[in-house]
Amino acid sequence: MSENDAVEEIIICQDVCKWFGDFQALKNCSLRVQAQEVVVIIGPSGSGKSTFIRCINRLEEHQAGDIIVDGIPLTRDVRNIEQIRSEAGMVFQQFNLFPHLTVMENITLAPIQVRKMKKEEAQETAMGLLNRVGIPEQADKYPGQLSGGQQQRVAIARSLAMSPKIMLFDEPTSALDPEMIKEVLDVMQELAETGMTMLVVTHEMGFAREVADRIVFMDAGEIMEVGTPEHFFTNAQHERTKLFLSQIL
Amino acid sequence: MTTAAGTPSDRSVLPVTERYTLLGWVRRNLFSDLFNSLLTIVALAFIVFVARLLLRWAFVSAEWAVIPANFNLIMRGQYPAVEAWRLWLVIYLLGTVVGVSWKLISGQFSGAARVLIAIPFALMFVPFFSMGTRLYLLITVVAASTGYLVAGFLPIQRRGRAVAYLILAYLIVMLILLRGVGAEEGPMPPVQPILWGGLLLSLLLAFFGITLSFPLGVLLALGRQSKLPAIRVISVVYIEFIRGVPLISLLFMGQVMLQLFLPDGFPLVDRVLRALVAITLFSAAYTAENVRGGLQSISRGQYEAAQALGLSTFQSTLHIILPQALRAVIPVLVGQFISLFKDTTLVALVGIFDLLGIARTIIANPDWLGTHPEVYAFVAVLFWIFSYSMSYASRRIEQRLGVGER
């Protein structure tokens with residue numbers, strides 16, 4: 001590895017375009033994310049934030065441009081897609097836990113089925129992860145018996161069980177009651193401190209300011225501005241960025 | 001606590017007027033106002049009138065002798081009396097298998113197991129069963145209990161898998177026992193399926209119709225949702241074709257037309273087997289549509305979560321989608337299976353002597369002229385016991401599976 005590669009670019013998006021019918025949801029979005037970086041994507045609703053990160057693990061298919069995740073180009077090749085999906089964990093706004101499985105089974109399913117891990121080993125890992133997100137005592141309950149905040153923490157543990165290199169968060173706190181937002185953000189902050197590469201779509205400006213290495217502002221399907229939190233909150237360049245920040249701060 | 005919340009402790013008891021007493025219940029539910037009182041009296045008079053007629057018929061004028069005289073015919077058709085021990089062995093083994101399975105995979109299965117064991121118990125109290133029959137039914141219950149107790153001591157690791165193998169083995173043994181092997185003079189001479197009849201045949205047709213049509217129906221439902229056009233079109237055409245024709249026409253086709261298409265000497269010559277094929281194909285189409293309803297109730301988020309974890313389509317279907325989809329349609333499926341059980345009586349019209357077919361032959365017998373109310377009433381009771389057991393079992397399973405759903 002040459003010295004120039006010391007900073008590894010783990011996600012490369014180049015001129016990504018996406019249409020829903022005639023509506024263009026993403027317009028030439030380009031973004032390079034380095035390993036261990038935390039990038040927060042903000043912007044008004046309907047600006048394409050979620051669509052953008054959903055393209056990265058192919059929950060949405062982009063129609064033009066290139067996406068390369070950890071050196072694997074995202075094409076129609078199913079093997080590439082499956083490989084990228086097992087390296088990029090995703091946390092959803094609506095948690096999307098499997099309601100018919102216990103918390104433990106939710107977390108161990110993918111490691112056992114996809115990684116072919118032994119059941120005992122997977123359960124051991126899962127207990128470790130549940131400890132890490134602070135709810136080891138809930139292992140045998142069903143998702144429906146947990147609070148929203150607990151469910152989202154289980155969802156984070158479920159993604160981490162696949163030992164991903166990247167975590168994608170799609171508005172992880174938007175469906176939560178206010179008093180539960182903090183417990184989820186705390187888990188995410190801790191995860192960021194361990195050096196996980198994270199791409200986070202959120203409206204939590206406090207989190208963005210404190211945890212993000214860089215902030216991306218999107219509007220109307222375009223990446224308008226990229227910069228450090230300091231740059232954003234004190235010295236935003238773009239008119240629309242300023243307008244957005246003035247509305248939410 | 002109560003003082004802190006500001007509620008006096010005496011409020012924690014229901015007001016006297018709301019508390020349960022028989023008189024209070026009657027007043028509130030039956031005589032709450034003039035119209036309700038009137039309705040109650042009229043309904044009561046009607047019920048008493050009908051019940052008196054029925055009871056007088058049942059205990060005074062009915063000629064019940066027809067039932068004990070034809071009891072074996074009703075139960076097993078023309079299955080030879082000397083081979084009846086094979087049928088009882090099948091039932092004992094079933095009891096044992098149910099007992100063992102109940103112990104090994106308690107939880108989700110226990111409601112259904114309790115019902116299966118309750119059936120022989122309930123049958124012991126049906127009139128006209130001979131003392132011998134009741135003894136055999138009691139043995140079945142004992143076999144089930146023994147299986148349950150013994151299974152507790154078995155050192156089995158993978159219990160779900162063990163039960164699956166046990167049931168598979170049982171099915172094979174059951175078919176061998178029913179059908180027989182070896183020479184005519186051997187210990188277990190073959191009994192052609194066309195001789196199977198009565199309740200035995202009704203239950204077998206329903207059981208195999210359900211167990212064979214279920215997987216086929218699930219595959220068709222998945223096929224109808226497939227992204228591959230060929231599979232989707234085949235599934236849709238099959239489902240819509242079968243749903244467009246009545247079962248009786250399929251049964252006739254099976255009996256009359258199938259030979260025209262098959263080469264001479266093709267093994268599917270047995271008429272009972274042909275009826276079973278028709279029932280299975282028919283039921284599969286309906287199962288498919290019911291399961292499709294369940295598949296559509298699964299939110300997109302579940303598919304996405306499974307994909308995001310790297311599960312393949314097959315894995316997510318097997319572990320995420322199907323368990324939830326099937327759970328959602330248990331009531332509908334059981335309803336369909338109950339009607340399948342009753343629909344098997346249509347085979348009587350193509351000359352196969354199931355429970356209803358046997359009933360018709362008994363009534364047609366000059367010795368028993370005019371006994372059709374008695375025969376049909378008895379047959380109805382038998383059908384009711386099994387149908388009600390199925391619906392009860394389904395409710396229990398639903399309750400069990402409901403844990404943690406919402």
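These notebook entries record what I looked up in a predicted model of a complex.

**Entry 1: confidence.** I began with the scores for the whole complex, for which the predictor gives an ipTM of 0.91 and a pTM of 0.83. I then turned to chain B, where the mean pLDDT is 87 and 92% of the residues reach 70 or more. Within chain B, I found the highest confidence in helix α11 (residues 229–243), at a mean of 95, and the lowest in helix α1 (residues 2–5), at 44. I noted that residues 1–8 of chain B stay under a pLDDT of 50, and that the model has two contacts for them beyond four places in sequence.

**Entry 2: the two chains together.** I looked up the interface and found 26 residues of chain A in contact with 22 residues of chain B. The area buried between chain A and chain B is about 2,000 Å², and carbon and sulfur atoms give 59% of this area. In chain A, I recorded R85(A), F98(A) and H100(A) as the residues that lose the most area to chain B; together they make up 27% of what that side buries.

**Entry 3: a helix pair in chain A.** I examined helix α5 (residues 148–160) and helix α6 (residues 178–193) of chain A, whose axes come within 8 Å and cross at roughly 20°. Because this angle is under 35 degrees, I describe α5(A) as roughly parallel to α6(A). The crossing of α5(A) and α6(A) is right-handed. I listed the residues that meet, among them I156(A) and L160(A) in α5(A), and V184(A), V187(A) and L191(A) in α6(A). By class, this contact of α5(A) with α6(A) has seven nonpolar, four polar and two charged residues.

Key: Residues numbered from 1 in each chain as written. Chains lettered and ligands numbered in written order. Predicted model: local features only at pLDDT ≥ 70, side-chain atom pairs only at ≥ 80, totals over all residues. Heavy atoms only, no water. pLDDT = per-residue confidence, 0-100. Helix = DSSP H or I, 4+ residues; strand = E, 2+ residues; numbered from the N terminus. Contact = heavy atoms within 4.5 Å. Axes fitted to C-alpha atoms, helices over the stretch in contact; angles between N-to-C directions. Parallel < 35°, antiparallel > 145°, perpendicular 65-115°, else oblique. Left-handed = near helix turned anticlockwise from the far one by under 90°. Nonpolar A, V, L, I, M, F, W, Y, C, P; charged D, E, K, R; others polar. Buried area = accessible area lost by both parts, 1.4 Å probe.
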